[in-house]
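Please open the model in your viewer and keep the sequence panel beside it. The stops below give a selection to make at each point, followed by what is found there.

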Amino acid sequence: MTVTETRPDTTAAPEAEVPPEHAPTSRGLPALLGSGDHKVVGRLWIASAFVYLLVLLGLAALLGFEDADQSAFQVLGSDVYVQVFSLSRVGAVFLVAIPLFLGVATFVVPLQVGARSIALPRAAAASFWTWLVAGGILIGSYAIDGGPGGGDAEGIDLWIVAFGLVIVALVAASVSVATTVLADRAEGMRLTRTPLFSWSMLVATSLWILSLPVLAANLLLVGIDHRYGQQLFGTDADVWAQVAWAFHQPQIYVVAIPVFGVVLDVVATASGARPRFRQAAMVVTGLFGVLAFGAWMQPFFNAEALDDLWFIGVAWVSLLTVLGLLLLVGETVGRNRPKLSGPLALAVVSFLLLLGATVAGGFAVLDVLELWDTAFVAGQMHLTVLAAVTGGLAGVWYWLPKIAGRKASDAAGGLVALLVLTGATLVALGMLWSGALDQPLLATTAIEVRDGVEALSVLAAIGFVVLVLAAVVAALSLVVAVRKGLTSSPEHRPDDPWGGQTLEWSTTSPPPWNNFAEPPAPVLTASPLFDSVEEGA
Amino acid sequence: MAVATRPVPALAPPPQPRRPRVLLVGTAFAVAAVAMSFMGLLGIYVKVRAEAIAGGGTWLPEGVTIPLTPPNVAMATLLMSVVTMQWAIYAIGNRDRTNAYVALAITILLGAAFANSTAYLYSQMGLVVADSVVGVLIYAISGAHLVLTVAALLYLGLVALRALGGEYTPTDREGLSSAALLWYGTVAVYSLIWYIVFITK
């Protein structure tokens, strides 16, 4: 008898016929609602933050025009003024700036660190939907005369609950991102080899995880007190005072930490050079993050903060860290002249705004200038938040080939950067200067007309109108790019249109369901794609 | 003539790639967030109490007493649950599933007993939330901890069911470890509440 043993035929079927393991089979709305894919969730965060951005910039412009004539409340009533004031601040930080960065990070960080998915994907998806619904309730609470300054006690309670839920959702999303960076990196990618944007997100999310729960604790006490007896700080007038620390320095800087990562990654790619002092860049980013922890600035603990040497020191050292970033970026640019592009223009504007914010922050804490509790502080806050949003926008522009398959127009990116710079300069000039003229931070009653302040308020309002224009141009450019990405063939969707250095550029645009067709090769340096090019050469 | 080829030896399965410990790291971040929120609550409690006492007043409202026995029993209960939780992890590490099931069940029971003792304390204190600052603070802090305890118990219950379903081995017990981490965090937070709120009052 002849026995012939041969290997079974294990030839793989053509790739297109083999769906990836556990790949989703549903399509349409169910796929959107039930998806735990970080790419879907990241896109949802970004799109939703953009919608909130357009709405809130409009509100900010309205506030500016109200400030134009301080002898009476003509556009908004005095109560509504306080409500719009608080909504514009809560929205700018918790519905736009932090969510925009979380969206970019949810999409990009797993790709940058070579992971197949985000860590805790169900938590990531649940946090987005919780945030979206809670954000809607938060805005809705104003519609029923709630929120700080509102006249409806239950509306105020609803605002407190919704704000608390927004914070819980943001913290949960932060946990997913931070865990991905810490625990799900590709083989060989030590923490020191982590891409700089991922590192900045690790710093930022760690700070959000550590500081936002303190704000949630404040809200819990305010909520219980407001509902039962108003013994402590739950009176209607106290609600805003108890949470306002989250919108002043140093805490406000936590929203801008990822600007460091975006600027460093975008500049390195545009220059085509490895960042030489990347560990210094990591230290500077970490230091800026540590200094931004501001929960100790609660009014209960630091009513006399302006006399606190630590408070003054933090403000000025924060400025030094931003100058440190300038040195590091300058070193890279000095070696290789960067190619001009939309993301680079936005990143540069983002950096300039952050620099302006920290300079203004340094002056704001000097007791002798008596700028605290004036519009100067509002100008400083707006500069910081605008730096963060512009940084997030630079990130969206830079990673759009991965997000949507196609680049957005560089010319449009440049135009948006120019508009943001113009608008933000007008806003900052109006607010900082009127603050120097003793314009109060929150004018709840009609006040005496003073020379110059009204003109400066008009200037700030015009600045917000320019910013609305910038947001509209950005939204249109991104929509055009997304449409092109959806309709173009794969050969028109290059994997690496920028000449990137990190792993996300080694996969297709957009990436497949599980991110990489093959597991990434062991990472040997912080710029693994440069290694591949050099090996090939 | 047919030629018999050599049989192909069965290839050893490739080693499993090291599984990232995402659940444990994620839980550690969550515990850090929870700890910070309680730090915030307790910080305000300590500050308000110090100001009240410095102003010459008394902290607890008239007619309110916080008995020591229920919080002491609650603290002891939670400390015992730490031991049983560690016992469960140790048992899984030694492939002793029976002991692991018993230890997990006792931990959950002790957690439920803790919740019961907190409810009993509420009934004994005679403190009304709307009557004083103390009421707002104590109910906010201990109530938030009760919610945390229930969440941790649910997580423990889920892990126990998974263990009963055959999950967790000496080399793969991350789910159990992460539940234990959350439980230890819950106990650590209570130890602060016990000392600051109930012992030093």
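Begin by colouring chain A by pLDDT, the predictor's confidence in each residue on a scale from 0 to 100; the mean for the chain is 88, and 89% of its residues reach 70 or more. This is a predicted model, in which local features need pLDDT of at least 70 and side-chain atom pairs count only at pLDDT 80 or more, while totals for chains, interfaces and linings use all residues. Residues are numbered from 1 along each chain as its sequence is written, and chains are lettered from A and ligands numbered from 1 in the order in which they are written. Select residues 1-19 of chain A, where pLDDT stays under 50 and the model has 13 contacts beyond four places in sequence, a contact being a pair of residues whose C-beta atoms, placed from the backbone, lie within 7 Å.

Next, switch to a cartoon of chain A, which shows 15 helices and zero strands (DSSP runs, H or I of at least four residues for helices and E of at least two for strands, numbered from the N terminus).

Now select helix H3 (residues 78-112) of chain A, which gives 22 residues, the largest share, to the largest nonpolar core. That core has 241 residues, and A:Ala97, A:Leu170 and A:Val263 have the most contacts inside it; such a core is a set of buried Ala, Val, Leu, Ile, Met, Phe, Trp, Tyr and Cys residues joined through C-beta atoms within 7 Å. Buried here requires 20 or more other C-beta atoms within 10 Å of a residue's own, exposed 12 or fewer, and partly exposed a count in between, with C-beta atoms placed from the backbone. Centre on A:Ala97, whose contacts beyond four places in sequence include A:Val255, A:Val385 and A:Gly392.

Then show helix H6 (residues 196-227) with helix H8 (residues 257-271), both of chain A, which pack at an angle of about 180 degrees with their axes 8 Å apart. Among the residues that meet are A:Leu196, A:Phe197 and A:Trp199 in H6(A) and A:Ile257, A:Pro258 and A:Asp265 in H8(A).

Finally, visit the loops of chain A. Between helix H7 (236-243) and H8 lies A:Pro250, and the peptide bond to it from A:Gln249 is cis, with omega near 5 degrees. A:Pro510 lies between helix H14 (453-487) and helix H15 (528-536), and a cis peptide bond, with omega about -15 degrees, joins it to A:Ser509. The loop between H14 and H15 also holds A:Asn515, whose phi is positive, near 75 degrees, and which is buried, with 23 other C-beta atoms within 10 Å.

Methods. Contact = placed C-beta atoms within 7 Å. Axes fitted to C-alpha atoms, helices over the stretch in contact; angles between N-to-C directions.
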